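I opened this notebook to keep track of what I looked up, one entry at a time.

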Amino acid sequence: MNGGESEYRIARFRDRLAREDVAELGVRVEVRGEAILLTGTLPTAGRRDEILRLAGAELAGIPVRADLLVACADPPDRPEDLS
Amino acid sequence: MTSAASPAFSGKWDGSVVRVAAVGDIHLSPDCRGLLRPSFETLPLCADLLLLAGDLTRHGTVPEAQVVAEEVRDLGVPVVAVLGNHDYHSGQEADVTGVLTEAGVTVLEGDHVILPVAGGTVGVAGAKGFCGGFAGRSAGEFGEREMKEFVRAAHRAAEGLHRALTEVSADGCAARIALTHFAPVPDTLAGEPVELYPFLGSYLLAEAIDEAGADLAVHGHAHLGTEHGMTAGGVRVRNVAQPVIGRAFALYHLPLAARTPDAGQTSDRT
Ligand SMILES: [Fe+2]
Ligand SMILES: [Fe+2]
């Protein structure tokens with residue numbers, strides 16, 4: 001695939017992430033050499049899998065590296081003192 | 001005033017600060033039912049109130065709002081929320097507000113609520129806010145109708161926040177909090193692509209905060225940003241988007257000041 005075509009496919013993938021069915025604006029999509037890097041934090045493992053599935057479909061043929069985290073749902077261990 | 005050592009999360013409390021728990025961008029939908037509830041149930045032990053900084057749902061539908069409602073119903077601390085852009089996505093923001101209100105949440109948009117706490121009263125002024133950019137790098141009200149409407153929406157949002165904060169100050173609250181979804185300052189956007197800044201917040205919100213006065217500004221929306229910032233007028237800003245704080249909620253101990261009604265301007269501007 002040539003560089004121009006993959007650039008539009010990446011833009012389309014970003015659009016798709018921002019669109020109704022996914023609505024994940026917290027995922028960053030960057031080009032790293034020949035590959036695409038996905039970073040960000042999702043509320044659940046299910047949402048993360050959904051993003052990976054979508055990336056596989058939209059970006060078929062482009063190597064995808066993902067470093068997506070699942071948000072921690074624990075309470076904080078200390079407060080910040082604003083005095 | 002507050003002692004240097006932060007009291008542990010025990011029931012013992014001296015009332016010199018208000019303990020503010022806050023989180024935004026939880027983006028709940030039926031697949032995450034119960035996700036935050038166990039952590040939220042610890043709130044009566046460590047906080048006086050919970051602020052929700054918008055983007056509580058994924059697409060702003062009623063079933064999603066019902067999931068949010070069950071996470072925060074009967075927590076034992078007051079819950080105050082603003083909606084975010086995701087909560088407007090389906091055009092059902094009024095129904096989303098209704099579902100949350102029914103669960104006991106105070107949903108603010110250009111208005112305020114005063115809450116009694118151990119050492120005084122806390123005023124929360126809330127508005128979703130809007131984007132448009134930051135001083136020197138913002139959109140102007142000029143040209144096409146769409147462009148002018150975009151900029152006017154930002155002005156209206158800031159006016160709502162200003163009005164609400166003015167009411168809070170007039171009430172002489174011992175702590176004044178500005179709650180928005182969009183960011184008032186670029187500080188807390190660090191980590192986001194700079195090209196996106198105009199879509200993440202508006203300096204008009206910070207201007208309203210500095211003019212009307214506040215002790216803390218809390219917002220969400222910038223998932224890739226950072227937690228800490230400050231307005232030009234010196235008001236501390238905290239981005240509590242859940243991916244940023246990396247917890248179910250952030251916790252701030254905000255000092256309570258002695259103020260009398262209509263004297264919100266005793267110490268600062270006159
Ligand atoms: Fe969000
Ligand atoms: Fe948002």
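Entry 1. I looked up which residues Phe199(B) touches in this predicted model. Leaving out residues up to four places away in sequence, I found Cys131(B), Phe182(B) and His221(B). I then took one of these partners, His221(B), and checked its separation from Phe199(B). The two are 22 residues apart in sequence, and their C-alpha atoms are 9.8 Å apart in space. For the place of Phe199(B) in the chain, I noted the loop between strand E9 (175-180) and helix H6 (203-212) of chain B.

Entry 2. I checked the record for chain B. The UniProt entry, which is unreviewed, annotates residues 19-223 of chain B as "domain: Calcineurin-like phosphoesterase". I looked up the make-up of that stretch: residues 19-223 of chain B are 32% helix and 22% strand. The C-alpha atoms at its two ends are 24 Å apart.

Entry 3. I turned to the contact between the chains. How many residues does each chain give to the contact? I read 40 residues from chain B and 27 residues from chain A. About 2,800 Å² is buried between chain B and chain A, and carbon and sulfur atoms give 52% of that area.

Entry 4. I went through the polar side of the contact. Between chain B and chain A I noted 16 residue pairs in polar contact, both residues being at pLDDT 80 or more. I also noted four salt bridges between the two chains. One of them joins Arg47(A) to Asp31(B), with 3.5 Å between the closest N and O atoms.

Entry 5. I asked which elements of chain B give two or more residues to the side that touches chain A. They are strand E12 (236-239), helix H7 (242-245) and strand E13 (250-255) of chain B. E13(B) gives the most, with five residues. By type, the residues on this side of chain B divide into 17 nonpolar, 17 polar and six charged.

Entry 6. I followed E13(B) across to chain A. Strand E4 (residues 80-81) of chain A runs parallel to E13(B), and two bridges join them. I looked up the partner of Asp81(A) in E13(B) and wrote down His253(B).

How values were computed:
Residues numbered from 1 in each chain as written. Chains lettered and ligands numbered in written order. Predicted model: local features only at pLDDT ≥ 70, side-chain atom pairs only at ≥ 80, totals over all residues. Heavy atoms only, no water. Contact = heavy atoms within 4.5 Å. Buried area = accessible area lost by both parts, 1.4 Å probe. Salt bridge = Lys/Arg side-chain N within 4 Å of Asp/Glu carboxyl O. Polar contact = N/O pair within 3.5 Å; in protein donor to acceptor, adjacent residues only side chain to side chain. Helix = DSSP H or I, 4+ residues; strand = E, 2+ residues; numbered from the N terminus. Nonpolar A, V, L, I, M, F, W, Y, C, P; charged D, E, K, R; others polar. Pairing = 2+ DSSP bridges. UniProt positions renumbered as here; feature names shortened; annotations may be inferred.
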